[in-house]
Amino acid sequence: MNITLRVWRQKNADDKGKMVTYGLEDVSTDMSFLEMLDVLNEQLTLSGDEPIAFDHDCREGICGSCGVVINGLAHGPQVSTTCQLHMRSFEDGAVIDVEPWRAGAFPVVKDLVVDRGSFDRIIQAGGFISAPTGSAPEANNLPVPKKDADHAFESAACIGCGACVAACPNGSGMLFTAAKITHLGLLPQGQPERDSRVIGMVEQHDHEGFGGCTNIGECTAACPKGIPLDTISRLNRDLLGALAKGKA
Amino acid sequence: MAVSGLIMLGYLLVHMYGNLKFFQGREKFDGYLHETLPHMFYPYLPEGGALWIIRVLLILALVVHAYAASTLWRRNKAAAGYVGGKRYHTTQHKTGNQRSYSSFKMLWGGVILFLFIIGHVAQMMPNWLSPGGASDSKYDRVVNGFELWWVVLLYTIGLVAVGFHLAHGFWSALTTLGQNRSSTRRGSRWTLISIALATLITVGFISVPFAVLFFGAGS
């Protein structure tokens, strides 16, 4: 198949950046989207141009690196990571627009690469448990109801890719933050720091310049791991509870 | 945002109950407005006292709601990472995956509502700015006003804006207060309840002017 790509090119954080058009011929429908970018980069390199910078690592849908906005949708037309998206999802002759995540808290580093350090700092503000180190405890020492375990696991599946922020019209990172709150808040190990966690993480989220949640639900619809929307209500319940106890 | 919105929604429901008394005729409607309401909680509160408490509460709720909205708007605009006035430069999928019309028109809907409320209070409260003719009977003023097509048109625009605002707003308020237990926006029962509530309020309020203009009620 032949396609036309319009890709966001930006030399560095200070550059203004613009969309640049490239034609690409004989693309195999079995290629992943990233492999197609690899082919384009080979051609650019051979012709003496700067290759397009994009983040990628595992290429099997679990690391969360390869986030780009394709045709206005985070990770493109399929609900998956970009590395799991294949060219068969596009028509022959398609014009495909590729842009970086857009958010105040995700500054562009180069081309399609953004700095997602703000997510790390939200985790540092409370997305952990303080547990004594040592060998793994006996699995059945602490009983966890099946429903809670399932819910916690669903939320723990978050890979921190940032699609929720890129899809949110407000640039809010609430789904990411809520996934961590739900994951740890449903398990017994997460209880001692439950109040300080929600307050610390929400404060850091706001401090990083993420937007406020207006409950549109675009985040869940774009999430490659299907983090459920009710995690945000759970975060709000925890936050209201912590504030009512005067923990702020 | 959520709490002040719910206060105003609560008032709207009571307001609609009062409006529907229009269909019981002039005596009942005027009696409710000129006698029942001013004597709410009388003699524990002075005459008209309860109404003033409600008015102050509503103005406070409106101020808090508008302040929260402007803060949120400024914050979210900065957070969305616009480049050259646009967020994404593609022209495809402008409305994302599943965004509803009402959810991304909350701000402008709110501005329309604010203007509507000012116009509405100016029309209904004093007896001197009454399109169609002033009267001591509020029933007559309602009929006089709604016999004019342009008054009904403006009123309809305002009420449709209320409907869209509530269709997202009620769901959003409950979610903010931690009440959504559904994994998706569309799967939540609150989504359906919000749409039903928005429809109820729009139809309930609009029934009076439509009855006057199209079916000659009250003349």
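These are my notebook entries on a predicted model with chains A and B.

**Entry 1: chain A overall**

I began with the make-up of chain A. I counted eight helices and seven strands there. The C-alpha trace of chain A spans about 60 × 40 × 35 Å along its principal axes. Chain A has 248 residues, and 54% of them count as buried. I then looked at contacts in chain A between residues at least 6 apart in sequence. Of these, 67% join residues at least 24 apart. The exposed area of chain A is about 11000 Å², and carbon and sulfur atoms supply 51% of it. For charge, I noted 21 positive and 32 negative side chains in chain A. The centres of those two sets lie 6 Å apart.

**Entry 2: chain B overall**

I ran the same list for chain B. Chain B has seven helices and zero strands. Its pattern along the sequence reads α-α-α-α-α-α-α. The C-alpha trace of chain B spans about 60 × 40 × 35 Å along its principal axes. Of the 219 residues of chain B, I found 42% buried. Among contacts in chain B between residues at least 6 apart in sequence, 65% join residues at least 24 apart. The accessible surface of chain B comes to about 12300 Å². Carbon and sulfur atoms hold 70% of that surface. I noted 18 positive and 7 negative side chains in chain B, with the centres of the two sets 32 Å apart.

**Entry 3: aromatic pairs**

I searched the whole structure for aromatic pairs and found 16 over all chains. I took up Tyr17(B) and Tyr32(B) from chain B. How are the rings of Tyr17(B) and Tyr32(B) set against each other? Their centres are 6.1 Å apart and their planes stand at 80°, so I logged the pair as edge-to-face. The cut-off for that label is over 60 degrees. This pair links distant parts of the chain. Tyr17(B) sits in helix H1 (residues 2-20) of chain B, and Tyr32(B) in helix H2 (residues 26-36) of chain B. The two are 15 residues apart.

Is Tyr32(B) buried or exposed? Tyr32(B) counts as buried because its relative accessibility is 12%, and the cut-off is under 20%. I also found Lys21(B) over the face of Tyr32(B), at 5.3 Å from the ring centre.

Next I checked Phe22(B) and Phe23(B). They form an edge-to-face aromatic pair, 5.8 Å centre to centre, with 85° between the planes. Phe22(B) is buried, with a relative accessible area of 2%. Phe23(B) has 45% relative accessibility and counts as partly exposed.

In chain A I noted one aromatic cluster. Phe106(A), Phe119(A), Phe176(A) and Phe210(A) form it. I also looked at Trp8(A). The charged end of Arg102(A) sits over the ring of Trp8(A), 4.3 Å from the ring centre.

**Entry 4: helix H2 of chain A**

Which residues of helix H2 (residues 117-124) of chain A are buried? I listed Gly117(A), Ser118(A), Phe119(A) and Ile122(A). Phe119(A) is also one of the aromatic cluster residues. I then asked what covers the buried residues of H2(A). The cover includes helix H4 (163-167), helix H5 (174-185) and helix H6 (194-207) of chain A. Just after H2(A), I came to Gly126(A), which takes a positive phi of about 160°.

**Entry 5: backbone points**

I went on to backbone angles in the loops. Arg59(A) is not a glycine, yet has a positive phi of about 60°. Arg59(A) lies in the loop between helix H1 (33-46) and strand S3 (69-70) of chain A. With a relative accessible area of 27%, Arg59(A) is partly exposed.

In chain B, His93(B) has a positive phi near 50°, again in a residue other than glycine. Where is His93(B)? I placed His93(B) in the loop between H3 and helix H4 (106-124) of chain B. His93(B) counts as partly exposed at 39% relative accessibility.

My last check was a peptide bond in chain B. Tyr42(B) and Pro43(B) are joined by a cis peptide bond, with omega about 10°. Pro43(B) belongs to the loop between H2 and helix H3 (49-79) of chain B.

Key. Residues are numbered from 1 along each chain as its sequence is written. Chains are lettered from A and ligands numbered from 1 in the order in which they are written. Side-chain values use heavy atoms; hydrogens and water are left out. Rings of Phe, Tyr and Trp (its six-membered ring) pair if their centres lie within 6.5 Å; planes under 30 degrees apart count as stacked, over 60 as edge-to-face and the rest as tilted. Helices (H or I, at least four residues) and strands (E, at least two) are DSSP runs, numbered from the N terminus. Buried means under 20% relative accessible area, exposed over 50%, partly exposed in between (1.4 Å probe, protein chains only). A charge sits over a ring if NZ of Lys or CZ of Arg is within 6 Å of the ring centre and within 35 degrees of the ring normal. Contact means heavy atoms within 4.5 Å. Accessible areas come from the Shrake-Rupley method with a 1.4 Å probe; for residues, only the protein chains shown count as cover. Lys and Arg count as positive and Asp and Glu as negative; His and the chain ends are not counted. The place of a charge is taken as NZ of Lys, CZ of Arg, CG of Asp or CD of Glu.
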